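Here are my notes for you to read alongside the model. Have a look at the fold and then at the place where the chains meet.

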Amino acid sequence: MIASSAETQALRVARRGIWISAVAFLGLAAVVVLALAFTPVEARQGLAQKIFYLHVPAAWAALLAFSLVGITSALYLWLKDPRLDRFAAASAEVGVVFSAVMLTTGPIWAKPIWGTWWTWDARLTLTLFVFFLFIGYLALRAAVHDTAERARFSAVVGILGMLLVPFVHLSVYLFRTLHPQPIVLKPSAPSLPAEMLTTLLVSTLVFTVLYVGLVTARYGLALADEAREEARDAA
Amino acid sequence: MHSSRDTTGYSVRSFFQLALVIAAKDVRAELRSRTALQSALVFAALVLVVFNFARDPTALSATELAPSVLWVTFALAAMVALNRAFMVERENAAMDGLLLAPIPREALFLGKLLANLAFVGTVEAVTIPLFVLFFNVNLGRALPGLLSVTALATLGFVAVGTIFSAMAVRTRFAELMLPVLLLPFMVPPLIAAVQVTSRLLANRPLSEMWGWLRLLALYDIVFVTLCMMIFSAVVDE
């Protein structure tokens, strides 16, 4: 089967995304080296604290993905631009991966430090819900055949999901919370030694680039899928 | 959103009248067949029975578990009710007829919401006496409070459930899609409702429930408004 020019163009977008992701993976290797060799060992938590440099940036990328799904969903219902829907879908898929990283690295750290794999703390519950909402969003997309209907339905879930998260946080917060308090994004200056902060910021940057790369790749593949289907319908 | 019709000329009064017409249609249809309501009532009673045997009576007293049992039962019964809410509109393409009627989508949503609330409310009204009976709960002065918190919590998750139900019937695996989408949205109202219920049953003062009640009210305002606004995106091509 000969690829149409639209499909070739879409695949070029996907390839660009894969390249960006490859660069991010190299950056990830650098983060591991940076975290293990050039960042001091935390006095009380020891080596277990190293996971912080993966866990926090993964959480950042997951929440970034989630917010962008919500925002592009709202914009889609307003502008009805299929690009917004395609972006939201790509962002949700990539978000699932980052949420999974966050939800696996968290318990690995929590077991030696808190003495338990899991606790129903406000932020843990919130991130678990983000994960569930992503899954529900993607399950819905898989279950609707018509493209326009799928876009409208998933946009509704995206918007409602974005509004649900503060309620989950608020309701679980009224239970006592165990999670470490914010140490970087807080009103006073970050209370982290300079080397640790640098590693964290580098890692956050790497994860953001990885997010951009994966979403671009996924977006391009979705575009190629559509182009192929269109070409088949035309034939 | 629905450009083919001008719906701005409706007065507030006729808006609510239209919503009531839709709700009355659903209630009438339900009262004529009664199969769904009867099944939902039996279902709720069975959930209560199952819960009673799912606990170790030597380890956990019935009253300690009572608030959670009550709310999980309500949530499951609401799920059954919501699954059928738009299923009935699929027969004979009734949904197309509804959409062709000159009714603003917001009124259509409100009508469906009211009908679902009537359905779920009936199930809850029957479940509460059974709950008192099976779990040996002394409601006493807690009854008005329990009814209020039930109304507050039910309104919120039934509003979200109504919009998801309209979507789920148009997907494959509709019966599975609704719980997967709706259960996360049930959690905040359920947490608040369980907390308030256990304080009510322990005769605690209102000040201890105030935060939770405000959370429930906020949830209702946000999600009822938003679902009403967004409903046309679900039904209009």
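The points below start with chain A and then turn to its contacts with chain B.

1. First, a caveat: this is a predicted model, so please read everything here in that light.

2. Chain A is a helices-and-no-strands affair: six helices and zero strands. Going along the sequence, you get α-α-α-α-α-α. The C-alpha trace spans about 65 × 40 × 30 Å along its principal axes.

3. How much of chain A is buried? Of its 235 residues, 38% count as buried. Take the contacts in chain A with a separation of 6 or more: residues 24 or more positions apart account for 81% of them.

4. I did a sanity check on helix H3 of chain A, which covers residues 82–114. Its 33 residues should span 48 Å, because each step along a helix is worth 1.5 Å a residue; the end C-alpha atoms are 46 Å apart, which agrees. Right after H3(A) comes A:Gly115, with a positive phi near 85°.

5. Now for the partner chain: 24 residues of chain A are in contact with 24 residues of chain B. Which elements of chain A give two or more residues to that side? They are helix H4 (122–143) and helix H5 (147–173). H5(A) supplies the largest share, 14 residues.

6. What about the chemistry of that side of chain A? By class, the side touching chain B has 20 nonpolar residues, along with two polar and two charged ones.

Definitions and conventions. Residues are numbered from 1 along each chain as its sequence is written. Chains are lettered from A and ligands numbered from 1 in the order in which they are written. This is a predicted model: local features need pLDDT of at least 70, side-chain atom pairs count only at pLDDT 80 or more; totals for chains, interfaces and linings use all residues. Two residues are in contact if their C-beta atoms, placed from the backbone, lie within 7 Å. Helices (H or I, at least four residues) and strands (E, at least two) are DSSP runs, numbered from the N terminus. Ala, Val, Leu, Ile, Met, Phe, Trp, Tyr, Cys and Pro count as nonpolar, Asp, Glu, Lys and Arg as charged, and the others, Gly among them, as polar. A residue is buried if 20 or more other C-beta atoms lie within 10 Å of its own, exposed if 12 or fewer, and partly exposed in between; C-beta atoms are placed from the backbone. The expected span of a helix is 1.5 Å times one less than its number of residues.
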